[in-house]
Amino acid sequence: MKPLLFIMSLIMSMSLFATPINWPSFQVPGLDKPQLRYADIQAYLAQAKSDPQFRVDKIGQSFEGRDIFRIGFGQGPVRVMLWSQMHGDEPTATAAVFDLIARIQQDQAWRAQWQNKLSLYIIPMLNPDGAERATRENAQGIDINRDAAALQTPEGRILLEQAKAIKPTFGFNLHDQNRFYAAGDSLNPATISLLAPAFDQAKTISPARKKAMQLIGVLKQVADEMIPGHLGRYDDTFAPRAFGDNLAGMGISTILIESGAHRNDANRQVARTLNLAMLSAAIDSIASAGFANQNLSAYQAIPMNRREAFRDVIIKNVQVEANSQSYQLDIALDLDLPDADAVRIKEVGDLSTYTAFFTFDAEGWHYKPAREYRLDAPLVLDKAGYLALLKQGIGLIEPNGIGLKNLSGLPLAQQGKGLPQSKPTSDKQAVFFLEHSDGRQIAVINGLLIDLARGKVLNKHST
């Protein structure tokens, strides 16, 4: 079952919401991408500007002069501030906040329940320069989320100015996390992780931080019902340079939501849906003050994230012959998503402690190094021609400054970045072959496994 259909089937029985909600119906088109850039959100900003229900204000400019906007809705005394894409390569919540705006526009009955109780302020892309580059940092090369004390970035100064001007009761710090986190000791990726950040070394639970923990208890219920077993919690060690910790120190009940991986969901649309559901539930609970009934045990019951628990691809039990010796090992591949342009062998050896998004048992298969082919004339590769080259053990084609077109529909490796020779080695390019004793062949090209008999990629974007 597709992830969103699975979610929808679970939602039908949810107790947190009065009536079943079709979350994907609120998802705005065009944002199901591995990376969102400034141009991707312009149409939705313009739509909000044209809707008199919303207040859209320019609140400053990025280091390179891109305008940063704040979208306001509601007239209530309780102020809630949300900001996304502080890290330019973390776009999931940016899509989700525009989904939230779409729900506000479309669901009149829902918004009527809280629009006179809350004032909502959304900063949908705090780091547009980083978004343009698909980098964590801004155009200065600075991590904005480590600039809360020094304030050397215009984007960081904008965020702090907004927090001081709005004085929100609740602040939602929306990020994406590494896809290799697991939810506690489970074998599931942490699709969502939550945290009420500490504001001092003692991890004091002030009244404001307690409210954040109680509200996270509400969000936990959403996750438990929609993606059971895929929720994690971040370590709350105080980070004196981080915005979440500093805003918590200002008395703002700060909630960190980190969007993570889900199986067969390269663009994190499951996490996008969860963000919308959680933000909706948070708005309802803040408006009704229902979160105040939550015991802190719900927050404390969220399992801690387990770092580096996952690998993109693990090829198990590969037989290797090198230096006149034979041995067996596992090979982990890092696909370097979303663009998969710097794929590498992550690690080799006994990898039995890891879980992979895609696992191939290579019992009976032998590792074979790839050969390189340098062009001496222009080449147009159709599928049959490319498969013929692969069957000869050619795994990398060097254009050599000559025209090369790949029309095969299969991945092609063109740059030799430490191509392995006789044996698989960590940090080398993930380009090699597997050969079975019965004659079958698999080409591993940029971390993708191609069954040469069928011309089929076995693990395309397995995360």
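Ser62 is placed in the loop between β1 and β2. In this predicted model, the residue offers a convenient entry to the fold. Although Ser62 belongs to a loop, its relative accessibility is 5%, so it counts as buried, the cut-off being under 20%. Beyond its neighbours within four places in sequence, Ser62 is in contact with Ile68, Pro128, Asp129, Pro154 and Glu155. Sequence separation alone would be a poor guide to position here: Val78 is 16 residues from Ser62 in sequence, and the two C-alpha atoms are 29 Å apart in space.

Two of the contacts of Ser62, Pro154 and Glu155, lead to helix α6, which covers residues 154-166. This helix has 13 residues and reaches 18 Å from its first C-alpha to its last, close to the 18 Å expected at 1.5 Å a residue. Its buried residues are Pro154, Glu155, Gly156, Ile158, Leu159, Leu160, Gln162, Ala163 and Ile166. They pack against β1, β2, β3 (78-84), β4 (118-123), α5 and α8 (243-249). The surroundings of α6 thus include both strands and helices.

Directly after α6 comes Lys167, found in the loop that leads from α6 to β5 (170-176). Its phi is near 55 degrees, a positive value in a residue other than glycine. With a relative accessible area of 55%, Lys167 is exposed, because the threshold for that class is over 50%. A second residue with a positive phi is Ser324, where the angle is near 60 degrees, and this residue too is not a glycine. Ser324 is found in the loop between β11 (310-322) and β12 (325-334). At 86% relative accessibility, Ser324 counts as exposed.

Helix α2, residues 38-50, also has 13 residues. From first to last C-alpha, α2 reaches 19 Å, close to the 18 Å expected at 1.5 Å a residue. Tyr38, Asp40, Ile41, Tyr44, Leu45 and Ala48 are buried in this helix. An α-helix has 3.6 residues a turn, so residues three or four places apart point the same way. The cover over the buried residues of α2 includes β1 (55-61), β2 (67-73), α3 (92-106) and α5 (128-133). Strands β1 and β2 therefore appear both in the cover of α2 and among the elements against which the buried residues of α6 pack, as contact within 4.5 Å defines it.

Further along the chain, Leu215 lies in helix α7 (residues 207-226). What is its exposure? Its relative accessibility is 0%, so Leu215 counts as buried. Residues up to four places away in sequence aside, Leu215 touches Phe170, Phe172, Ile255, Ala282, Ser285, Ile286 and Phe291. Of these, Phe291 is 76 residues from Leu215 along the chain, yet their C-alpha atoms are separated by 5.1 Å.

Helix α9 (residues 269-288) contains Ile283. This residue has 3% relative accessibility and counts as buried. Leaving aside its neighbours within four places in sequence, Ile283 is in contact with Leu100, Trp110, Trp114, Leu118 and Leu120. Ile314 presents the opposite situation to that of a contact partner: it is 31 residues from Ile283 in sequence, and the C-alpha atoms are 41 Å apart in space.

These local views may be set against the chain as a whole. The chain has 11 helices and 23 strands. Its radius of gyration is 24 Å, close to the 23 Å that the globule rule gives for 463 residues, so the chain is as compact as a globular protein of that length. Along the principal axes, the C-alpha trace spans about 75 × 45 × 45 Å. Of the 463 residues, 56% count as buried.

Contacts between residues distant in sequence are also well represented: among contacts between residues at least 6 apart in sequence, 73% join residues at least 24 apart. The accessible surface comes to about 18800 Å², and 49% of it belongs to carbon and sulfur atoms. Finally, the chain carries 48 positive and 48 negative charges, whose mean positions are 3 Å apart.

Notes:
Residues numbered from 1 in each chain as written. Predicted model: local features only at pLDDT ≥ 70, side-chain atom pairs only at ≥ 80, totals over all residues. Heavy atoms only, no water. Helix = DSSP H or I, 4+ residues; strand = E, 2+ residues; numbered from the N terminus. Rg over C-alpha atoms; globule rule 2.2 N^0.38 Å. Buried < 20%, exposed > 50% of the residue type's maximum accessible area, 1.4 Å probe, protein only. Areas by Shrake-Rupley, 256 points an atom, 1.4 Å probe, with all protein chains shown as cover. Lys, Arg positive; Asp, Glu negative; His and termini not counted. Charge placed at Lys NZ, Arg CZ, Asp CG, Glu CD. Expected span 1.5 Å × (residues − 1).
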